[in-house]
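Grab a pencil and work through these exercises with the model open beside you. Each task comes with a solution in steps.

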Amino acid sequence: MKMKTKIASLYEKIDSKFFEQFEFRICDTNLSKIAIYMHKPKDASSLAFTRILFGIAMLFDITDERGGAAMMETWGNPSICHFPLLNFLQAMPMPHMALVYAGLWFGIALGHKFRASSAIFTTCFWYLLLIEKSYWNNHSYLFGLVAFLLTFTRANCCWSVDAIRNRSVASQTVPYWNYFILKYQFFILYFMAGLKKGTAEWLTGYSVRNLSEHWVFEPFKLFLTVPQIDYLIVHWFVFAFDLTVAIWMMWSRTRHPAMVFCALFHLMNSRLFRIGMFPWVCLATMPLFYPFDWPKRVSMHLNGIYLKCKKGTCKFFHKFKKSETNVKTTKESLSLPEDDEIKAIEKEDEQTNETYLPKKVDTCTNSNEKIEGKVNDGLYVFTQAFLPFSHFITKGYNNWTDGLYGYSWDMMVHTWDVHSVVVKVVDNDGPSELFVDPYHFTPNGRWTRHGDMVHQYARCLKENLLKTRQMNNGIIGASSRNISVYVDVWSSLNGRFTQRMFDPKVDLLNVSWSPFAPVSYLMPLLDEALEWREYLVSMRETVHSWNDHADVVFIADFPGYEYEKYIPTELRNVTLTVLYGLVVFEAEVAEHEIGKSYQLKPGNSMKLSSEIFHKVLNIGEKPAFYMYTFFNSTEVENNNKTNPVPKLPITEELRRRFYNMLRFGKDLVLSLFNLFFNATQCQ
């Protein structure tokens, strides 16, 4: 009975709070009442403020992360391989792509023809994302979602060109759902980011390494060691922060300290990572969690401070007046009594509000339209909650990690270290083979870590090679159409052993790929090596203690596979040491020399010479683990030439951004001129 009484009492408290918030009881909840609540008028100033700051941030984003400053190189070279999400979506050639970038300049911030300009911006933004998924990341996906949501809101009803020019658009209020859908999106951003960090990789401190060496963590070093900062602050605190910060920002009692922590978090991220406008967009949208009329409250508070300063200044100057009559006259002419002036300002604001307040603040004319709108909102809410866990459907995009790095919100969870990428093309009619620079035809190196993009790259490479029949920048054109493409990518995930990602024995031109089937040529992540992690950390520390330029690389390979490696000149004192398994070492020999093979067991080591190739073949029945220790002489020379990097290069960043804007503006104008006036033929 006591338990039932406690449960009933708890329910009554929750029901009471629920009624205070929604004005109906939990048991009375239905779609109609939810729709009515979602359409209640709320002050529009906070939404307008968000629109302005987001629009300004996107202007900087166009030139940087959307590639506007480099659009001539990215889209003007027909041999560059692009990686569309849907193969029927293809990038338009230059100068037509300039039209897409021009569409991004429509005035979200100004609120001019807002619905049309926001729709154009959203369409162009998503087009750029869909035709080049190698640029995908979580914050670009977020920008696209926010632009999409703003398109359907009434963010232009206040502080906008539309509100000034069209009185029917002007309004001091918007339906509550305008705020709800945006706040929900940022709640998903924070909460899902924390949820995705609740893995063994993150909570054991292996996801992010050596981040605490950055200067932003200097205050923590007063009472914590570097490993403690990596584990307690970078991993555990960030996990708890992401998981709960949105909740703390929504609760009025904890909102102010949560805002301080959140602002510091984003400012630190702006220094730690090169993630474009993401920290600034998050900072710009944090005020959404404050009361809807906070800009007006701040404005009234600043007016009050101004009046007090004005009155104090007047009193100070009046002391130096000779005539009391002049003083009184000056007082009367310069200012009203403080209370009267504040009342006058408030009265003026009320008159302004009445002037711009429309007869109807809700665009929905009946309850059916409201319910239909809330059903659409509900579908969006469900979709955003489901997508981060939908990877069991889109299996073709899964690799060592689940899904494309974009809509999963797994930010910072995975640290990749690509050791080498070998692309081999075999002419089956020759037979002959050639090796291709893996970054020669691609806009970036993201494709090397995704099976779907590796598949697309092989087909693009074939097309490019068939176009050329002679030497061109070190690339030799294929002599026949009967070729095979093999890709061997060696990468390390979260500080594990470096291992190959894709089967180098599979011809990528003769293998199928489907978005709904697992990648057949993906090599599994060697979880057998997890028990070696503490040893890897200890050995790294030992090797790095030898001197500042000593390093170590840990290799893991599958049975029956060989690892071919070239030792460059700058690497000295190279030693190969077998940790586990049975391998055979073969060094490169001259054409008329007899080669030798050496069988190596755990604990065996071998000194290696520079400027030669060698092979390490795993002849055992289980994966083999071995390591290379070496001294990098290039780092010594680079360190001697390196100038000190400023901690806050704000001036350099602003200069770079404005230079990119000027470069983008120039290329955009020239491209549009060539497109519409065919200036290239005007000689």
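**Exercise 1.** Which residue in β14 is the bridge partner of Val552?

*Solution.* Before we start: this is a predicted model, where local features need pLDDT of at least 70, side-chain atom pairs count only at pLDDT 80 or more, and totals for chains, interfaces and linings use all residues. Residues are numbered from 1 along each chain as its sequence is written, and side-chain values use heavy atoms, with hydrogens and water left out.

- Step 1: find the strands, which are DSSP E runs of at least two residues, numbered from the N terminus, just as helices are H or I runs of at least four. Strand β14 covers residues 624-632, and strand β7 covers residues 550-557.
- Step 2: check the pairing, which takes at least two DSSP bridges between two strands. β7 and β14 run antiparallel, with eight bridges.
- Step 3: read off the partner: Val552 bridges to Thr629 in β14.

**Exercise 2.** Work out what else pairs with β14, and how covered that strand is.

*Solution.*

- Step 1: strand β9 (residues 571-580) also pairs with β14 in the antiparallel sense, over seven bridges. Here Val578 sits opposite Tyr626.
- Step 2: eight of the nine residues in β14 are buried, where buried means under 20% relative accessible area, exposed over 50% and partly exposed in between (1.4 Å probe, protein chains only).

**Exercise 3.** Track down the disulfide and say which parts of the chain it ties together.

*Solution.*

- Step 1: apply the cut-off, a pair of cysteine sulfur atoms within 2.5 Å. You end up with one disulfide.
- Step 2: name the pair: Cys81 and Cys460, with sulfur atoms 2.0 Å apart. Cys81 is in the loop between α4 (71-76) and α5 (97-103), while Cys460 belongs to helix α18 (residues 451-467), 379 residues apart.
- Step 3: get the handedness: -95° about the S-S bond makes the link left-handed.
- Step 4: look at exposure. Cys81 is buried at 0% relative accessibility, and Cys460 is buried too, at 15%.

**Exercise 4.** Why does Cys282 have no bond to Cys262?

*Solution.*

- Step 1: Cys262 holds the closest cysteine sulfur to that of Cys282, but at 7.2 Å it's too far for a bond.
- Step 2: Cys282 itself is buried, with 0% relative accessibility.

**Exercise 5.** Compare the length of helix α7 with its expected span.

*Solution.*

- Step 1: the expected span is 1.5 Å times one less than the number of residues. For α7 (residues 138-151), with 14 residues, 20 Å is expected.
- Step 2: from first C-alpha to last, α7 reaches 20 Å, close to that expectation.
- Step 3: 13 of its 14 residues are buried.
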